[in-house]
Amino acid sequence: MKKILSGLFAVTFGCFTVPAFAAGDAVKLPSYDWSFEGVFGTYDKASMQRGLQVYKDVCSGCHSLDLVAMRNLLDLGYNVDEVKAFAADYTVEDGPNDEGEMFERAGKPSDHFPAPFANEKAAAASNGGKAPPDLSLMAKARVGGPSYIRALLTGYVDAPEDVDVGNLSYNTYFPGHLIGMAAPLSEDAVEYSDGTPASVDQMATDVSHFLMWAAEPKLEARKQTGIKVMIFLIIFTLVMYAAKRKVFAKVH
Ligand code: HEC
């Protein structure tokens, strides 16, 4: 359909303009069957737990996850003690105390994930001038969402010979291809606690799944409400139809 339309467009306007390429130049993302897609879709807790491990062990070195609090990790199937232990692994700055000093303490479930850099300037300075963006809403901020992130993480290839990458890297799926993030994943970059082999593909999939949850933690509740509303509307329609028949039966 798109092709027909752009064909028609080209035929209609082609004679007035210099030939231009259709806007559909963007590289097609490899499709992936996410468990959270579809009306009845749900998150895969095991995959999210592995994704959390990838974020913590790899991505969190550069990327913040500002909007996610440790206690939100209960959604991933952890119990309260596990979340407490996870949070306590972090050191966070708190204060000021009664003397007016900031101090450090162990993390609590109510804390959000601490950022790796003090501010955006520091983040950019440590990364060749490009600040690694916050990942909290990344899965909703980019076209393709989790499929884009998954593709990006597995999309590093050698640059074509005529391209000078400088201090950047070449990525099939990054708009413009030259990205300031070197390939962050390599085979066995993490050791999964559930024993799943940590291939680049597996880690990319898991961390994208995790980031989708981070961006839309209420997805399952939203879908369930949608289903309930649909069931209500169907029953309501049937009742109204029966009532209508009853009322109008006497009119004839
Ligand atoms: C060594 C630092 C570093 C690590 C580790 C790292 N990143 Fe990045 N990331 C960056 C930088 C820098 C950018 C900005 C690149 C640019 O704009 O050219 C970036 C950008 C991104 C983007 C945005 C791309 C876009 O479309 O704008 C995503 C998504 C991303 N990183 C995901 C991840 C994930 C997931 C991980 C962990 C598997 C990770 N990164 C690990 C430095 C890093």
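This report describes a predicted model of a protein chain with a bound, iron-containing ligand.

## Overall fold

The chain has 252 residues, and buried residues make up 30% of them. Its secondary structure consists of eight helices and four strands. Read from the N terminus, the order of elements is α-α-α-β-β-α-α-α-β-β-α-α.

## The iron site

Two residues of the protein act as donors to the iron atom of the ligand: His 63 through NE2 and Met 181 through SD, lying 2.0 Å from the iron. Six donor atoms surround the iron, and the angles they subtend run from 85 to 177 degrees, so the arrangement is octahedral. For six donors, that label requires opposite donors to be over 155 degrees apart and all others to lie between 65 and 115 degrees.

The two protein donors come from distant parts of the chain, 118 residues apart. His 63 belongs to the loop between α2 (45–57) and α3 (80–88). Met 181 belongs to the loop between β4 (178–179) and α7 (200–215). His 63 counts as buried because its relative accessibility is 10%, and the limit for buried is under 20%.

## The ligand and its surroundings

The ligand sits in the largest pocket. There are 21 residues around the ligand, and those that come nearest are Cys 59, Cys 62, His 63, Tyr 148 and Met 181. Helix α6 (residues 145–154) gives the most to this shell, with three residues.

Several short distances between polar atoms link protein and ligand. An N or O atom in the side chain of Tyr 148 is 2.5 Å from an oxygen atom of the ligand. From Gly 180 the partner is a polar backbone atom, 2.7 Å from an oxygen atom of the ligand. His 63, already named as an iron donor, also has a side-chain N or O atom 2.7 Å from a nitrogen atom of the ligand.

## Links between helices α2, α6 and α7

Arg 50 is part of helix α2. With a relative accessibility of 11%, Arg 50 counts as buried. The side chain of Arg 50 makes a polar contact of 2.8 Å with the side chain of Asp 206. The residue range of helix α7 is 200–215.

Arg 150 is in helix α6 and counts as buried, at 10% relative accessibility. The C-alpha atoms of Arg 150 and Ser 208 are 5.8 Å apart, although the two residues are 58 apart in sequence. A second pairing of this kind involves Asp 201 and Thr 154, which are 47 residues apart in sequence and 6.6 Å apart in space, C-alpha to C-alpha. Asp 201 is located in helix α7. Its relative accessible area is 40%, so Asp 201 is partly exposed.

## Gly 155 and His 177

Gly 155 lies in the loop between α6 and β3. The relative accessible area of Gly 155 is 3%, and this residue is therefore buried. Gly 155 and His 177 are separated by 22 residues in sequence and by 9.7 Å in space, C-alpha to C-alpha.

His 177 is in the loop between β3 (169–170) and β4. With a relative accessible area of 25%, His 177 is partly exposed.

## Backbone exceptions

Most residues other than glycine have a negative phi, and most peptide bonds are trans. Two residues of this chain go against the first of these tendencies. His 177 is not a glycine, yet has a positive phi of about 70 degrees. Asp 188 is not a glycine either, and has a positive phi of about 60 degrees. Asp 188 is placed in the loop between β4 and α7, the loop that also holds Met 181. At 56% relative accessibility, Asp 188 counts as exposed, since the limit for exposed is over 50%.

The peptide bond joining Gly 95 and Pro 96 is cis, with omega about 0 degrees. Pro 96 is in the loop between β1 (91–94) and β2 (103–106).

Terms used
Residues numbered from 1 in each chain as written. Predicted model: local features only at pLDDT ≥ 70, side-chain atom pairs only at ≥ 80, totals over all residues. Heavy atoms only, no water. Donors = N, O, S within 2.8 Å, 3.2 Å for Na, K, Ca; no water. Tetrahedral: all angles 85-135°; square planar, octahedral: opposite > 155°, others 65-115°. Buried < 20%, exposed > 50% of the residue type's maximum accessible area, 1.4 Å probe, protein only. Near = heavy atom within 4 Å. Polar contact = N/O pair within 3.5 Å; in protein donor to acceptor, adjacent residues only side chain to side chain. 1 Å grid on protein atoms, 1.4 Å probe; cavity = no way out; pocket = protein on both sides within 12 Å on 5 of 7 lines; lining within 4 Å. Sits in = over half its atoms within 2 Å of the grid points.
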